[in-house]
Amino acid sequence: MTDSRIERVKSLIKDHPDFPKPGILFRDIFPVLRNPAVFQELLDVMVEQVKAKAPNVELIVGLESRGFLFGPSIALKLNCGFAPVRKKGKLPGEKESVAYALEYGTDIFEVQKEAFKPGQSVVIVDDLLATGGTMKAACELIQKVGANVVECLVVIELTDLKGRDKVTKPCTSLITY
Ligand code: PRP
Ligand code: ADE
Ligand code: MG
């Protein structure tokens with residue numbers, strides 16, 4: 001995306017070679033959040049993208065944990081609700097769950113069933129798309145509760161990992177590496 005606001009966001013993303021493991025180049029989004037002007041510009045762009053790609057959105061879903069940095073602010077701006085996808089054991093009440101693959105082993109994502117209505121238009125927000133396993137699982141989970149994922153929005157996409165190929169729903173990224 002050629003947008004001077006996104007260029008400013010990109011300039012603040014800090015690279016950490018060999019974190020959390022040798023061979024991984026970690027792209028740290030937190031320096032953006034330390035700069036309120038640039039963080040606000042990022043949120044503005046994310047809101048614009050949701051308005052453009054999913055004008056009928058009814059619910060923003062954020063993925064634990066870095067998706068929680070953006071989802072609620074976007075939802076407030078769009079005057080729609082926010083619901084979390086959390087790692088297992090953190091949410092009370094009736095839940096739906098999905099297992100997903102990590103680099104080593106698997107984990108489980110959960111949502112509260114009461115947060116979703118049949119056919120509801122949902123936009124999923126996260127900070128980063130790498131292998132796509134996280135976003136794929138989130139899409140499956142939202143489908144399981146009967147809602148409809150209309151868009152996936154991430155700040156960063158690591159294109160070499162081809163995560164986009166795993167995600168069957170429309171997916172927008174603002175910054176690619
Ligand atoms: C990171 C990142 C994405 C996910 C992308 O989350 O925030 O959610 O990895 O990876 P994938 O596309 O290969 O599935 P992580 O699980 O490290 O947890 P965090 O958000 O709690 O930091
Ligand atoms: N999550 C998965 N891969 C990542 C990376 N390279 N940088 C930051 N977060 C990540
Ligand atoms: Mg995450």
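**Figure 1. Residues around ligand 1 in the predicted model.** The shell around ligand 1 consists of 14 residues. Ser65, Arg66, Ala130, Thr131 and Thr134 are the closest of them. Two elements each supply two or more residues to this shell: strand 7, spanning 121–129, and helix 5, spanning 133–144. The top contributor is strand 7, which gives 4 residues. Sorted by class, the residues around ligand 1 are 4 nonpolar, 6 polar and 4 charged.

**Figure 2. Thr131, one of the closest residues to ligand 1.** Thr131 sits in the loop that lies between strand 7 and helix 5. Thr131 is classed as partly exposed because it has 16 C-beta neighbours inside 10 Å, where 20 or more would make a residue buried and 12 or fewer would make it exposed. Leaving aside residues up to four places away in sequence, Thr131 touches Leu161 and Gly163. The C-alpha atoms of Thr131 and Asp165 are 9.0 Å apart, although the two residues are separated by 34 residues in sequence.

**Figure 3. Residues around ligand 2.** Ile24, Leu25, Phe26, Arg27, Leu128, Ala130 and Leu158 surround ligand 2. Strand 2, made up of residues 25–28, provides the largest share of this shell, 3 residues. By class, the shell around ligand 2 contains 6 nonpolar residues, no polar ones and 1 charged residue. Ala130 is listed here, and Ala130 is also among the closest residues to ligand 1.

**Figure 4. Pairing of strand 5 with strand 6.** Strand 5 covers residues 95–101 and pairs with strand 6 in the antiparallel sense. The pairing runs over 7 bridges. Within it, Ser97 has Glu110 of strand 6 as its bridge partner. Strand 5 and strand 6 form a hairpin with 4 residues between the strands. In this hairpin, Gly105 adopts a positive phi near 80 degrees.

**Figure 5. Pairing of strand 4 with strand 6.** Strand 4 (residues 81–87) and strand 6 (residues 106–112) run antiparallel and are joined by 2 bridges. Arg86 has Glu110 in strand 6 as its bridge partner. Glu110 is thus seen in two views: it is the bridge partner of Arg86, and Glu110 is the bridge partner of Ser97.

Methods. Residues are numbered from 1 along each chain as its sequence is written. Chains are lettered from A and ligands numbered from 1 in the order in which they are written. This is a predicted model: local features need pLDDT of at least 70, side-chain atom pairs count only at pLDDT 80 or more; totals for chains, interfaces and linings use all residues. A residue is near a molecule or strand if its C-beta atom, placed from the backbone, lies within 6 Å of it. Ala, Val, Leu, Ile, Met, Phe, Trp, Tyr, Cys and Pro count as nonpolar, Asp, Glu, Lys and Arg as charged, and the others, Gly among them, as polar. Two strands pair if DSSP finds at least two bridges between them. Two residues are in contact if their C-beta atoms, placed from the backbone, lie within 7 Å.
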